[in-house]
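Student: Could we take a close look at a single part of this structure, the surroundings of the bound ligand?

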Amino acid sequence: MNGSRTPIRILIVEDDPWFQEFYRRLLKQDTAQEYVFVSASSGQEGLEKYVSERPDCVLLDYKLPDLNGVEFLNSLSSANPHHAAPVIMLTGEGSEELVVEVLKSGAVDYVPKKVVSNRSLTRAIANAVEKQELRTAVENKQRKLEQTNKQLLRKHEEIQRFYHTLSHELKTPLTGAAEFVSIVLDGLAGPLSETQTEYLGLVKEACDQMTRGLNDLLDATRLDTGKLRISPQRCAIDKLVSRIVMSMKPLAERNGISLENEIKNELPDVYIDEQRITQVLTNLLTNAFKFTENGGQVRVTVGDSAEAADSVLISVVDNGRGIEADQLPHIFDRLYQVKRSDSHGEEGGLGLGLNICKELVALHKGNLCVESAPGAGSAFSFNVRKFTETEYL
Ligand code: ADP
């Protein structure tokens with residue numbers, strides 16, 4: 001015996017001393033592996049030794065004076081749930097049903113006593129021990145992964161809570177500051193010079209941009225925690241879109257962009273959360289202005305949806321810079337912004353807008369999608385469900 005490997009602890013559960021000795025002798029012929037033997041002459045004794053000796057492998061006789069092999073196997077996991085050693089069943093009778101039953105009950109292998117030899121026994125033990133080691137390694141890895149996953153989830157929730165609280169805390173003073181800037185801009189605190197008006201206009205724009213960012217952060221955390229809910233109601237979509245387009249005209253003009261709408265006549269009412277769909281459309285329009293050159297055009301169209309007969313399709317179409325094909329699959333991802341070597345990050349935004357829009361449309365059971373080509377412009381389209389007397393989201 002060269003003894004170079006760690007000895008394998010074998011528990012022999014066998015009431016016949018002749019067979020106990022026979023197995024020991026067979027295994028002692030193995031020169032490549034050392035074995036340490038523990039024996040038990042009954043099922044009960046076997047279970048006790050399984051707990052106290054923690055064997056690496058069990059050779060189990062099917063017919064014991066007090067238990068049969070299946071009963072022994074069934075008692076193993078409750079005997080010591082923290083230890084798992086493979087069990088090889090040895091029996092005189094070799095019916096097929098018995099083999100199936102024994103393997104089903106948890107034995108890893110089956111060797112008929114009639115054909116047991118040094119080769120069959122050592123091979124069965126080596127396979128069983130190796131399998132068990134692999135299983136234990138996989139289980140340990142899995143346990144570790146589960147722990148890491150739990151920790152990550154906890155951290156993720158902590159970060160979300162932090163963002164949520166931070167956004168709330170910052171929003172209140174920011175809203176106050178923006179209000180006072182508006183009061184001064186409106187001349188209510190006394191006359192302003194042209195330069196003062198211009199500078200305060202920039203301050204107001206900066207406050208609005210920060211408020212939009214904070215609102216996006218709040219929405220993103222609400223979406224993650226499932227706290228963003230919509231309250232859909234019956235709504236005249238033509239009037240809503242006209243109102244939104246009207247309210248966005250000044251911004252379009254400031255950017256030197258013409259903004260038009262094309263609304264199909266006699267559209268049916270839709271079933272939406274007006275505030276949230278206004279948010280989606282405003283966001284898509286703000287993006288269209290942001291990524292379209294001075295002198296460009298943006299159109300909002302509202303009409304029937306070719307794909308869903310129960311929906312109305314709303315599109316925001318610009319003739320701006322467009323999006324590269326390889327970027328398109330990602331633009332709805334959270335925090336994704338198209339990287340451009342010439343932008344220097346001056347376009348602002350957190351890369352949350354489109355992701356939130358997509359989720360808001362999905363809450364309406366609709367879909368937001370995009371068609372775009374570099375240099376030719378982009379078309380963002382989403383569908384909202386028509387109102388029916390019986391329908392509730
Ligand atoms: P952000 O709020 O940072 O703009 P969005 O989620 O709204 O993020 O948009 C993600 C990216 O999609 C932007 O960085 C921009 O490059 C691209 N994008 C969005 N709308 C348009 C558009 N109309 N034309 C061209 N690119 C657009």
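Tutor: The following account describes the shell of residues around the ligand and its polar contacts. This is a predicted model, in which local features need pLDDT of at least 70 and side-chain atom pairs count only at pLDDT 80 or more, while totals for chains, interfaces and linings use all residues. Residues are numbered from 1 along each chain as its sequence is written, and side-chain values use heavy atoms, with hydrogens and water left out.

There are 19 residues around the ligand, and Asn287, Asp318, Gln337, Gly351 and Leu354 come nearest; a residue is near if one of its heavy atoms lies within 4 Å of the molecule. By class, the shell divides into 9 nonpolar residues (Ala, Val, Leu, Ile, Met, Phe, Trp, Tyr, Cys and Pro), 8 polar and 2 charged (the charged class being Asp, Glu, Lys and Arg, with the others, Gly among them, counted as polar).

Polar contacts are pairs of N or O atoms within 3.5 Å. In one of them, a backbone N or O atom of glycine 351 is 2.8 Å from a ligand oxygen atom. The side chain of lysine 290 places an N or O atom 3.1 Å from an oxygen atom of the ligand, and a polar backbone atom of glycine 353 lies 3.5 Å from a ligand oxygen. The protein buries 96% of the 540 Å² that the ligand exposes when taken alone (accessible areas by the Shrake-Rupley method with a 1.4 Å probe).

Helix 8 (274–290), helix 9 (353–363) and strand 12 (377–385) are the elements that give two or more residues to this shell. Helices (H or I, at least four residues) and strands (E, at least two) are DSSP runs, numbered from the N terminus. Helix 8 gives the most, with 3 residues.

Definitions and conventions
Polar contact = N/O pair within 3.5 Å; in protein donor to acceptor, adjacent residues only side chain to side chain.
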